[in-house]
Structure formats: structure tokens, C-alpha cells
Amino acid sequence: MVKLDVLLKADLENVTELRLAENTRWYFTISHEGDEKEIYLVPLEKLEIPGSRGEACLVMGNRETKRAATVSFVRSAPYNAEDSGKFKVIGVFECRNCELVSFLPRSGWSCRSAVSEKLFDDIDLSEKDWAEYDDQANESMTIYSVETKLARSKEK
């Protein structure tokens, strides 16, 4: 079992509480049985693990060992204005018999205006940037220079 941190780094202007909801798809590249493929996980989905009492948000069979490959959601955290320009853990996942290779920021993000606290949702970060106008605060909002990486978690 390996716990992996999903780390995000972005430059934020007039933006805070950037997050992916736990009922939203988190996209990854996964390595399983020697192949890499793109998958998505929904942290709130609970699937039964065959031959176990446990649950996971992703369960895949293994042809060779007959043991299930699983990914379980542990926790998430928002990326806030004070995190701008620094890597921060935004999610933790536990992997068994597979490996998450990369995190792919796509759609389903939300954030708040750092000025008016107005909520913006269904943000797509596929292009690694986003811009909008907060009409309540008469300010532009931007997210740019988005980078992600995965690292072994220090959590037990």
C-alpha cells in the first residue's frame, strides 16, 4: 500500500479556495499490469473490493495475481490565496497493486473571489489557466501557471 499526495502549484489573482469537490471526477494516469492509461476517480464513490470487506473509489482486476488493484480516497484540501506560487497537497489517495503516475487537472474545479467571496464553479483547468470577471467586486480573477505532481505521502 502506498499513499500518494496530489500537489498543486498555481498563481492566483483575486482567487481563493480553489478545489475539486469530492463528488467530482479527479483525472489521473495510472500504471496497472505494465500499461499506463487515463482514468478518473470520484472520491465519494464506494465500490466493494472482491474478497474483502473494504471499499475503494477504483477497483480493477489483475489477470496475473487475481488480486484487486484499488485506489481509495483519503482526504482533500483547498488551494488558497496564501498558497499561490507554492506546491500544496490538495488530495491524498491510497493505492494497492497499482500506481498513480500523474494527476491531470481538468474540469469540475470551483473557487471563490478573494474580494467578494462570490463562488465560481465548473472551472476547467485543462489549459493550465483560467480567467473570469467578478462583477460584484469589479475585479478580474485569474488562475495561471498551473503545475501538478504526485509524491509519496508522509501521512501514516
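Two residues are in contact when heavy atoms of theirs lie within 4.5 Å. By that criterion, among contacts in the chain between residues at least 6 apart in sequence, 57% join residues at least 24 apart. The structure described here is a predicted model. The chain has 156 residues, of which 44% count as buried. Its secondary structure comes to zero helices and 14 strands, and the elements accordingly run from the N terminus as an unbroken series of β. Along its principal axes, the C-alpha trace spans about 60 × 30 × 25 Å.

The account may start at the N-terminal end, where two residues have backbone angles that deserve attention. Asn-14 is not a glycine, yet it has a positive phi of about 60°. Asn-14 sits in the loop between strand E1, residues 2-13, and strand E2, residues 15-20. With a relative accessible area of 26%, Asn-14 is partly exposed. Glu-17 also has a positive phi, near 55°, and is likewise a residue other than glycine. Glu-17, however, lies in strand E2. Its relative accessible area is 32%, so Glu-17 counts as partly exposed.

Strand E2 also leads to the interior of the model. Rolling a probe the size of a water molecule over the atoms shows where empty space is left. In this model the count comes to one cavity of 30 Å³ or more, and the largest cavity has a volume of about 30 Å³. The residues that line the largest cavity are Leu-18, Arg-19, Leu-20, Trp-26, Ser-76, Ala-77, Ile-90 and Trp-109. Strand E2 gives the most to this lining, with three residues. By class, the lining of the largest cavity has six nonpolar residues, one polar residue and one charged residue.

Trp-26, one of the lining residues of the largest cavity, is also one of the contacts of Pro-43. Pro-43 belongs to the loop between strand E4, residues 35-41, and strand E5, residues 47-48. Is Pro-43 buried or exposed? Its relative accessibility is 1%, and because buried means under 20%, Pro-43 counts as buried. Leaving aside neighbours within four places in sequence, Pro-43 is in contact with Glu-22, Thr-24, Trp-26, Cys-57, Phe-73 and Phe-93. The C-alpha atoms of Pro-43 and Val-74 are separated by 8.4 Å, with their positions 31 residues apart along the chain.

Charged side chains offer another view of the model, which holds seven salt bridges. One of them joins Glu-155 to Arg-75, with the closest N and O atoms 2.5 Å apart. This pair links distant parts of the chain: Glu-155 is in the segment after strand E14, residues 139-152, whereas Arg-75 is in strand E8, residues 69-76, and the two are 80 residues apart. Glu-155 is partly exposed, with a relative accessible area of 29%, and Arg-75 is partly exposed at 33%.

Two further salt bridges each pair a buried acidic residue with a partly exposed basic one. In one, the side chains of Asp-83 and Lys-88 meet at 3.3 Å, N to O. Asp-83 is buried, with a relative accessible area of 14%, while Lys-88 is partly exposed at 22%. In the other, the side chains of Arg-96 and Glu-94 meet at 3.4 Å, N to O. Glu-94 counts as buried at 16% relative accessibility, and Arg-96 counts as partly exposed at 40%.

Asp-134 presents a contrasting case. This residue lies in strand E13, residues 130-134. Asp-134 is buried yet has no salt bridge. Why does Asp-134 have no salt bridge? The nearest side chain of opposite charge, Lys-118, is 4.9 Å away, and a salt bridge requires a side-chain nitrogen of Lys or Arg within 4 Å of a carboxyl oxygen, so the pair does not qualify. Lys-118 is nevertheless among the contacts of Asp-134. Apart from neighbours within four places in sequence, the other residues in contact with Asp-134 are Ser-113, Ser-116, Phe-120, Glu-139 and Met-141.

Definitions and conventions. Residues numbered from 1 in each chain as written. Predicted model: local features only at pLDDT ≥ 70, side-chain atom pairs only at ≥ 80, totals over all residues. Heavy atoms only, no water. Helix = DSSP H or I, 4+ residues; strand = E, 2+ residues; numbered from the N terminus. Buried < 20%, exposed > 50% of the residue type's maximum accessible area, 1.4 Å probe, protein only. Lys, Arg positive; Asp, Glu negative; His and termini not counted. 1 Å grid on protein atoms, 1.4 Å probe; cavity = no way out; pocket = protein on both sides within 12 Å on 5 of 7 lines; lining within 4 Å. Points joined across faces, edges and corners; volume = space filled by probe spheres on them. Nonpolar A, V, L, I, M, F, W, Y, C, P; charged D, E, K, R; others polar.
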